[in-house]
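Student: Could you walk me through the charged pairs in this protein, slowly, and show me what sits around them?

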Amino acid sequence: MADRFPNPVSPFPGWKRHVYRLSRPVSSEDIQAFLGNEELYTRDTASGPVHIIHKYGLLEIHALVGEQYIEVWFNPEKGSYPSEYLDALLASRF
């Protein structure tokens, strides 16, 4: 898990990072469902392409298809809202 998201770099100053273990591996369909109307970015890594999903300035989700972990960056200044939004988002797929 730790080497799946090497060299973590905050997308914005002050954002916090968490790595979440999911109930099953991430699929391409999950990526598309999480994406919604947001633009998808990818970054090539030694572990494969990391899919980066920005969610309305609240969250940035990094996911590898086939992995059971995701890396999530969030803005702590938004209070508990990013965490609640992530919980609802994950509950819709996992």
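Tutor: Let's settle one term before we look. A salt bridge here is a side-chain nitrogen of Lys or Arg within 4 Å of a carboxyl oxygen of Asp or Glu. Keep in mind too that this is a predicted model. Side chains of opposite charge can pair when their charged atoms come close.

With that rule, D30 and R24 qualify: their closest N and O atoms are 2.8 Å apart. D30 also forms a salt bridge with R93, again with the closest N and O atoms 2.8 Å apart. D30 lies in helix 1 while R93 belongs to the segment after helix 2, so this pair ties together parts that are 63 residues apart in sequence. Because the bridges share partners, R24, D30 and R93 are joined into one network.

How buried or exposed are the three members? D30 has 0% relative accessibility and counts as buried. R24 is partly exposed, with a relative accessible area of 29%, and R93, at 30% relative accessibility, is partly exposed as well. Picture a buried acid, then, held by two arginines, R24 and R93.

Now zoom out to the helix that carries D30. The buried residues of helix 1 are D30, I31, F34 and L35. Look down the helix axis and these buried residues fall within an arc of 135°, so they line one face of the helix. Strand 2, strand 3, strand 4 and helix 2 are included in what covers them. Just past the end of helix 1 comes G36, with a positive phi near 55°.

Two of those covering strands are partners. Strand 2 (residues 40-45) and strand 3 (residues 48-55) run antiparallel and are joined by six bridges. They make a hairpin with two residues between them. If you want one spot to find in the viewer, Y41 stands opposite I52 in strand 3.

Back to the charges. How many salt bridges does the rule give? The count is three. Besides the two at D30, there is one between the side chains of E71 and R17, at 2.4 Å from N to O. E71 sits in strand 5 and R17 in strand 1 (residues 16-21), so the pair ties together parts that are 54 residues apart in sequence. At 2% relative accessibility E71 counts as buried, whereas R17, at 32%, counts as partly exposed.

E71 is worth a longer stop. Strand 5, where E71 is found, covers residues 69-74. Apart from R17, the E71 side chain makes a polar contact with the side chain of H62, at 2.7 Å. Leaving out residues up to four places away in sequence, E71 touches F5, P8, R17, H18, V19, E60, I61 and H62.

One of those neighbours, I61, takes us to the nonpolar side of the story. The largest nonpolar core holds 17 residues, and L59, I61 and I70 touch the most other members. Helix 1 (28-35), strand 4 (59-63), strand 5 and helix 2 (81-91) each supply at least two residues of this core. Helix 2 gives the most, with four residues. So you can connect the two halves of the tour: helix 1, which carries D30, and strand 5, where E71 is found, both feed this core.

Take L59 as a way in. Its contacts, again leaving out residues up to four places away in sequence, are W15, I53, H54, V72, W73, F74, P82, Y85 and L86. L86 is in helix 2, and with 2% relative accessibility L86 counts as buried. L86 in turn touches Y20, L59, I61 and V72, with residues up to four places away in sequence not counted. Notice that L59 and I61 are both on that list; they are among the residues that touch the most other core members. For a distance to check on screen, the C-alpha atoms of L86 and F74 are separated by 9.5 Å, and the two residues are 12 apart along the chain.

Notes:
Residues are numbered from 1 along each chain as its sequence is written. This is a predicted model: local features need pLDDT of at least 70, side-chain atom pairs count only at pLDDT 80 or more; totals for chains, interfaces and linings use all residues. Side-chain values use heavy atoms; hydrogens and water are left out. A polar contact is a pair of N or O atoms within 3.5 Å; within protein, one must be able to donate a hydrogen and the other to accept it, and residues adjacent in sequence count only if both atoms are side-chain atoms. Contact means heavy atoms within 4.5 Å. A nonpolar core is a set of buried Ala, Val, Leu, Ile, Met, Phe, Trp, Tyr and Cys residues joined through side-chain atoms within 4.5 Å. Buried means under 20% relative accessible area, exposed over 50%, partly exposed in between (1.4 Å probe, protein chains only). Two strands pair if DSSP finds at least two bridges between them. The arc is that of the directions from the helix axis to the C-beta atoms.
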